[in-house]
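Subject: Structure handover: pockets, cavities, cysteines and salt bridges

Hello,

Here is the structure for you to look through. My notes follow below it.

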Amino acid sequence: MSLLFKFSEKYPRSFYGCKWLVLSLIIGLGAGTLSAIFLSSLSWATTYRESHSYLIYALPFAGLLIGLVYHYFGREVEKGNNLILESIHSPKEVIPFKMAPLVLVATIVTHLFGGSAGREGTALQLAAAFSDQLTKPFRLSAKDRSTLLIAGLSAGFASIFGTPWAGAIFGLEVLLLGSIKMEHIFPAVAAAFIADFITRSWQVGHTHYTISEVPSVDFKGVFYAAMAGIAFGFAAILFVKATHLMTAIFKKNIIYAPLRPFIGGLIVVVLVIAFGLQKYTGLGIPVILEAFEQNAMPQDFILKLMLTAITLGAGFKGGEVTPLFFIGAVLGSALALVLPLPVGLLAGMGFVAVFAGAANTPVACFMMAIELFGFQSALYVAIACLFAYFFSGKHSIYTSQGMGKPRHFLFRQFRDKEKGL
């Protein structure tokens, strides 16, 4: 240990690079493998549900099972992604590893029986729970543990969507809100790329999206992109408010927690069967792909938003991001009926911009669009993401995001001046 200490004192940058390269390799291997297992399981659950439509009737009982398991065995990890954010901002106890198997199984059950949820929340929790187990063996400080969890989030996001640059930026941006520190960058980037490589090595595929037509940029195009961005920002607000409202309603009116997903599942079943809303259950990838090719119906984004808010608000597991992709893509596709931009371009803009507004991550979403759609749509996507981000205000799907920090750097400057800093 003395030799190691002397080496770190004499060559601090080399020691830093070696330490975080080793940790990033472990994080990437673990997160990439867990994401591969999760994606394969999720694909099976989706395929099986689509060929056995009657499974939707068992959704309330699936919700009851999830509620009972978390109530009696997983209370300390029930906060999910918000627990991870709190652990990064104020490191305390190591996140129990049982978060990983609990959320993995609960998400598969949610999708198997037709709940409207996503997958990124599960991937982030899998990666973060795994990464945090390295804290004690490597005797990491509270500061290093925060970096470790950031790298884990980056790895989880990158591996689940196949977008390493977006994953790296997401892990930094979603947590630090303009306060990114240099020591966080290398671990986040390394873990993201390694995790993505590992997931692909397991031959787990990702969905491919194509924007077939991108017009040349002119003043009108910029104006239309800005108008679309405002619409995407308001959609983000609506999603955040609806999800938080449903969560509050279920908690206030149903005291016994396991009954919340049972009642929520019952409501979803009634709505799906009574109004033929089957295409809004699960991830909804086929609907997203269709939105890039032809105009979606104006009500599509509202119906998906409603089912997702009920599903997640009741306590089912999964995530918000893929539903946000769905909402943004179909809203953009529908906007092509009134805005003179190609349907595929507007669908792609909405795909990332609603997420940017709801998660406060415009840079990560812009990078995701580049990785998914290519550089041709870059300017249109950038405008949509920025307008959605600014017009969505302080709203966020992650209630622990920022831990009370002012959201925009200008606001922080004003605050610092008032404090005489």
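How many cavities of 30 Å³ or more does the structure hold? There are two. Please keep in mind that this is a predicted model.

**Cavities**

The largest cavity encloses about 80 Å³ of space. Its lining is made up of Arg119, Ile160, Phe161, His206, Thr207, Tyr209, Phe325, Phe351, Met368 and Leu372. Helix H7 (142-161) and helix H16 (362-373) are the elements that give two or more residues to this lining. By class, the lining of the largest cavity has seven nonpolar residues, two polar and one charged.

The second largest cavity holds about 50 Å³. Around it sit Asn81, Ile84, Leu85, Leu124, Leu153, Phe170, Val174 and Tyr398. Two or more residues of this lining come from each of H4 and helix H8 (164-176). H4 gives the largest share, three residues. The class count for the second largest cavity is seven nonpolar, one polar and no charged residues.

**Pockets**

The largest pocket has a volume of about 840 Å³. Its lining has 36 residues. Nearest its centre are Glu78, Lys79, Thr247, Leu312 and Lys317. Several helices supply at least two lining residues each. They are helix H3 (59-73), helix H4 (81-89), helix H6 (120-132), helix H10 (219-253), helix H11 (259-275) and helix H13 (300-314). The lining of the largest pocket divides into 12 nonpolar, 16 polar and eight charged residues.

The second largest pocket contains about 580 Å³ of space. It is lined by 30 residues. Thr46, Arg49, Glu50, Leu283 and Pro286 are the closest to its centre. Helix H2 (12-51), H11 and helix H12 (285-291) each bring at least two residues to the lining. H2 gives the most, with eight residues. In the lining of the second largest pocket, 13 residues are nonpolar, 13 are polar and four are charged.

H11 therefore appears at both pockets, with at least two residues in the lining of the largest and at least two in that of the second largest.

**Cysteines**

How many disulfides does a search of the whole structure find? The count is zero. Take Cys365 as a case. The closest cysteine sulfur to its own is in Cys385, 5.4 Å away. A disulfide needs the two sulfur atoms within 2.5 Å, so this pair is too far apart for a bond. Cys365 is buried, and its relative accessible area is 0%. Cys18 is partly exposed, at 45% relative accessibility.

**Salt bridges**

The count comes to seven salt bridges. Three of them are described here, each with its N to O distance.

Lys19 and Asp144 meet through their side chains at 2.8 Å. Lys19 is in helix H2 and Asp144 is in helix H7, so this salt bridge ties together parts that lie 125 residues apart in sequence. Are the two partners buried or exposed, or in between? Lys19 is partly exposed, with a relative accessible area of 23%. Asp144 is buried, at 18%, because the cut-off for buried is under 20%.

Glu76 pairs with Lys98, and their closest N and O atoms are 2.7 Å apart. This pair links distant parts of the chain, 22 residues apart. Glu76 lies in the loop between H3 and H4, and Lys98 in the loop between H4 and helix H5 (99-112). Glu76 counts as partly exposed, at 43% relative accessibility. Lys98 is also partly exposed, at 32%.

Lys279 and Asp300 form a salt bridge at 3.5 Å. Lys279 belongs to the loop between H11 and H12, and Asp300 to helix H13, so the contact joins parts 21 residues apart in sequence. Lys279 is partly exposed, with a relative accessible area of 38%. Asp300 is buried, at 3% relative accessibility.

Best wishes

Conventions
Residues are numbered from 1 along each chain as its sequence is written. This is a predicted model: local features need pLDDT of at least 70, side-chain atom pairs count only at pLDDT 80 or more; totals for chains, interfaces and linings use all residues. Side-chain values use heavy atoms; hydrogens and water are left out. On a 1 Å grid over the protein atoms alone, a cavity is a set of points where a 1.4 Å probe fits but cannot get out, and a pocket is an open set with protein on both sides within 12 Å along at least five of seven lines; lining residues have an atom within 4 Å of a point. Grid points are joined across faces, edges and corners, and a volume is the space filled by probe spheres set on the points. Helices (H or I, at least four residues) and strands (E, at least two) are DSSP runs, numbered from the N terminus. Ala, Val, Leu, Ile, Met, Phe, Trp, Tyr, Cys and Pro count as nonpolar, Asp, Glu, Lys and Arg as charged, and the others, Gly among them, as polar. Buried means under 20% relative accessible area, exposed over 50%, partly exposed in between (1.4 Å probe, protein chains only). A salt bridge is a side-chain nitrogen of Lys or Arg within 4 Å of a carboxyl oxygen of Asp or Glu.
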